[in-house]
Amino acid sequence: MLSAEEKWQAVLACDVAYDGQFFYGVETTGIFCRPSCKSKNPKRENVVFFDNVAQARAWGLRPCKRCRPDLAEFQPQKELAEKIKGIYDLYFADHSRLREELKKLGVGRNRACQVFYAHYGKIPAEYLNTLRIESAQKLLTHTQDSTLQIALQSGFESLSTFYTHFRRLTGVSPKEYRCSALGKEESG
């Protein structure tokens with residue numbers, strides 16, 4: 001059983017190891033939180049500790065919107081990473097719209113990169129280039145558009161960058177890829 005002082009020290013440290021062991025409420029705000037909540041530290045005399053969510057609610061407190069103690073599992077970094085990935089998946093070919101949508105998330109570029117890498121194990125540029133090459137592969141096999149048109153439609157800003165990434169990811173040039181893919185279709 002944790003003492004009130006141990007709980008208070010866990011709150012001050014925003015210690016995630018104590019999440020689920022107890023909750024704390026702040027009488028002056030009417031809110032209860034997880035020990036790991038990153039909100040401003042309350043005054044000790046305004047804090048009440050609870051063993052579970054039901055006790056905090058019975059006290060008349062509402063759950064914090066930042067740490068969501070009312071949810072069994074709350075992983076804000078995972079949610080943010082999934083939102084970032086969703087934006088990349090939709091707007092990989094449109095640089096200005098991509099920047100605009102990411103800006104709406106309210107996190108800086110560096111933070112978005114860190115969160116994405118931590119969750120998916122690759123940097124955003126690597127992921128975006130993979131999406132762009134996959135798009136180019138489809139366009140090369142299903143359209144008669146020029147290589148330059150395909151590079152631009154897929155989100156590459158220069159033909160040389162497109163060629164470099166295409167060859168690195170596929171092992172062949174865009175022209176070789178198109179010929180090989182069309183040759184397979186004709187012989188099949």
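## A tour of the aromatic rings, with a stop at P35

Start by selecting F23: its relative accessibility is 8%, so it counts as buried. Keep in mind as you click around that this is a predicted model.

Now add F32 to the selection. F32 is buried too, at 0% relative accessible area. Turn the view until you can see both rings: F23 and F32 make an edge-to-face aromatic pair, with 6.4 Å between the centres and 85 degrees between the planes. That pair belongs to a set of 12 aromatic pairs found across the whole structure.

Next stop: Y88 and F116. Their rings also meet edge-to-face, 5.2 Å centre to centre with 70 degrees between the planes. Colour the helices here, since this pair links distant parts of the chain. Y88 sits in helix 3 (residues 76-91) and F116 in helix 5 (residues 109-120), 28 residues apart. Are these two buried or exposed? Y88 has 4% relative accessibility, so it counts as buried, and F116 is buried at 0%.

For a bigger selection, pick F156, F162, Y163, F166 and Y177, which together form one aromatic cluster.

Finish at P35, in the loop between strand 2 (31-33) and strand 3 (47-50). Despite the loop address, P35 counts as buried because its relative accessibility is 0%. What is P35 in contact with, leaving aside its neighbours within four places in sequence? Show A10, V11, C14, D15, Y18, D19, F22 and Y24. Then draw a C-alpha to C-alpha distance from P35 to C67: they are 32 residues apart in sequence and 9.1 Å apart in space.

Terms used: Residues are numbered from 1 along each chain as its sequence is written. This is a predicted model: local features need pLDDT of at least 70, side-chain atom pairs count only at pLDDT 80 or more; totals for chains, interfaces and linings use all residues. Side-chain values use heavy atoms; hydrogens and water are left out. Rings of Phe, Tyr and Trp (its six-membered ring) pair if their centres lie within 6.5 Å; planes under 30 degrees apart count as stacked, over 60 as edge-to-face and the rest as tilted. Buried means under 20% relative accessible area, exposed over 50%, partly exposed in between (1.4 Å probe, protein chains only). Helices (H or I, at least four residues) and strands (E, at least two) are DSSP runs, numbered from the N terminus. Contact means heavy atoms within 4.5 Å.
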